[in-house]
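Welcome, and take a moment to look over the sequence and the model below. We will walk through it together, one region at a time.

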Amino acid sequence: MRRYVNRKNVQAKSYHTDRFHQRPQTPKFDPASDEVFAKDLKSLESKFEIKDAYIEVNQLVVIIDPKDNVAVLTHLRDKCDYTFLSEMSAIDYLAEDGEFEIFYQLLAMKKRKRMRVKCRIKEKQAIETIYDVYKSSDWAEREMYDMFGVIVNNHPYMKRILMPEDWEGHPLLKTYPLQGDEAAQWYEIDKIFGKEYRDVVGPEERDTKRIDPKDTKHFARIGHEVPYGAKPVSKPDEVYEDFQEEDGVFLITRFTKKNQKILNERK
Amino acid sequence: MQTPNRLQPFYENLVFEKDDNRMIINFGPQHPSAHGQLRLILELDGEQVVKAVPDIGYLHRGMEKMAENMIYNEFLPTTDRMDYIAATSNNYGFALAVERLLGIEKEVPRRAKVIRTMLLELNRIISHLFWLATHALDVGAMSVFLYCFREREFAMDLMEDYCGARLTHAAVRIGGVPLDLPDGWLNQLLHFINKMPDNIADYEGLLDQNRIWKMRLEQVGNLTPEDALDWGCSGPTLRGSGIAYDIRKEEPYEIYDELEFKVPVADTNDSYGRYKLYMAEMRESLKIIRQCIHLYKDTEPQLMADVPQYISAPKERIMTENYSLMQHFVLVTQGMRPPVGEVYVPTESPKGELGFFIRSEGDPYPYRLKVRAPSFWHTSLLQHMLPGHYLADVVTIIGNLNIVFGEIDR
């Protein structure tokens, strides 16, 4: 029987799974347990629909509706001092429920508090840009689009950032294999030589442990290679120890191993 | 468009449109002052930059994708390749993120914490020296470059004595450090930090009142505090705009809450202020290392956290106890299985706020790992900062922002 491979999520899997293993959870606390967070949450709840809120590893996590993202972040920036966007990106949950999770990681420097705003969008759904709230989201949103294909509406320059412009596919999707899909594997060959040269050049060698016995070029003992299977020459005739002229050159005396000195301590 | 002939060859790097006197210059990606593979598309009006579009991605290796397909311990040496100027700060940022996810931050032994802090600060000095060297070289001060590299070499030798590597250290492990300090290392370190203040004074002697240095740096690369916040600046770039936010001080990790150090701030908002700030930060780092040397002496010799569920036991226990050997085998072949949850952990790397976001589904492989590399955000600032400056200042500003392409492209 052929082994089942989940094409929707090709991420590496543990080969051993314990049926009775209970996955522990990181401890989550009620936002009311922290004074500052409780206040922030209250001011948010009065205006927006909050789906869930909890404190995880000392940071407040708030789950909102994706339509509210600009309004919520503007409110947090202006009313709750979260003036700094540390990070934003997406998480791919397409294989599980056909959704992306977008997170915005915020910092309030005055209060020394960090919080995370999260929302979920469907696969083809776009999200509104937060460029007007935090300018720094410019590149972060581009990176999100590049890596996941999440389209951001009204972004000033919605283009790929890390991958080439004509790249096919979005590398951080769980459907995208680690060594790239077909277009990725032949990207350079197709571009430089053309598709018809795929057979001539051949696929890229990715096995780092592979040894070509006929290859005498890339060998450890350069200049002293022996045929495959033959005994290595233990003492090669010529060993180049020094590469300097016999008498040295102008201003530089010739270095010899005999005259070298090893210092016990740095000067 | 150009019509090339024998007298006027085709300039592939230059598009010159005569009608509106605008020139578009392609800066990089192989420019020595771009500090890596940065391509800048500059629109010039005369010598003034009107528009700048940074283009990155030439060093993209897909580290976040790699992380998803590696167990946590496997990924740690890969983090070296991000900010390769100060590799330990990456290792540490990742290790701390995983420790917080596992909830074992408090289990890390005291000695490991002291060693880690020492290494982090030594890396900060290495990074700042490298920054000053290359920045000064960009602006034209060759001798500063040579002096800085002399001291950097000393610091790198110290790193080499500790972990065997000069650039890609992998000197930190999840749950502690792998090795104790070698014999005589602390004396060498003390020798280094005793000498270093004089060396810093030498650099300042060369640069502080240097007319060229001042003309090239003062009132160049201005960044208001509002813009710095808006564009996600952190570290020295943020503090150079008068905002005293240092994660070591405000959200202390390791033993930073016990140590005495100041957070230098510059409120001139320009490149010269940031230069002074870097110098002051190096002095503070020396102070921290000196305190760590004293703290090291009264610590227990334990180096790794004792959490058998996640972290292998010490070698002698693995070799003598059957159960430790079994656990070690499982941890090496399958990897640790952290709790389900997510964590974002910021640390103060020499470049700024280095954050690791980890989403775990309870598998040995992280479901999502996002690296918040400070240089990425600082590079995006270029499109805002460069317009209005002269072409010659572009190099100064790029050098001054201290960007490293390993962590921008990841």
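Let us begin where the two chains meet: 35 residues of chain A are in contact with 41 residues of chain B, two residues being in contact if their C-beta atoms, placed from the backbone, lie within 7 Å. On the side of chain A that touches chain B, β4 (84-93), β6 (113-122) and α4 (137-148) of chain A each supply at least two residues. β4(A) gives the most, with 6 residues. By class, this side of chain A has 15 nonpolar, 11 polar and 9 charged residues. Here Ala, Val, Leu, Ile, Met, Phe, Trp, Tyr, Cys and Pro count as nonpolar, Asp, Glu, Lys and Arg as charged, and the others, Gly among them, as polar.

A word on what you are viewing: this is a predicted model, in which local features need pLDDT of at least 70 and side-chain atom pairs count only at pLDDT 80 or more, while totals for chains, interfaces and linings use all residues. Residues are numbered from 1 along each chain as its sequence is written, and chains are lettered from A and ligands numbered from 1 in the order in which they are written.

Chain A on its own has 7 helices and 8 strands; these are DSSP runs, with helices (H or I) of at least four residues and strands (E) of at least two, numbered from the N terminus.

Now turn to chain B, which is divided into domain 1 (14-55) and domain 2 (63-372), with bounds from an automatic or database domain assignment. The centres of these domains of chain B, taken over C-alpha atoms, are 34 Å apart.

Which residues bring α3(B) and α4(B) into contact? They are Thr88(B), Ser89(B) and Tyr92(B) of α3(B), together with Arg116(B), Leu119(B), Leu120(B) and Asn123(B) of α4(B). By class, 3 are nonpolar, 3 polar and 1 charged.

Finally, find Tyr365(B), in the loop between β6 (352-360) and β7 (368-372) of chain B. Is Tyr365(B) buried or exposed? Tyr365(B) counts as buried because it has 21 C-beta neighbours inside 10 Å; the cut-off for buried is 20 or more other C-beta atoms within 10 Å, with 12 or fewer for exposed and partly exposed in between. Leaving aside neighbours within four places in sequence, Tyr365(B) is in contact with Gln11(A), Ala12(A), Glu68(B), Asn69(B), Met70(B) and Ile71(B). Ile71(B) is 294 residues away from Tyr365(B) along the chain, yet their C-alpha atoms are separated by 5.0 Å.
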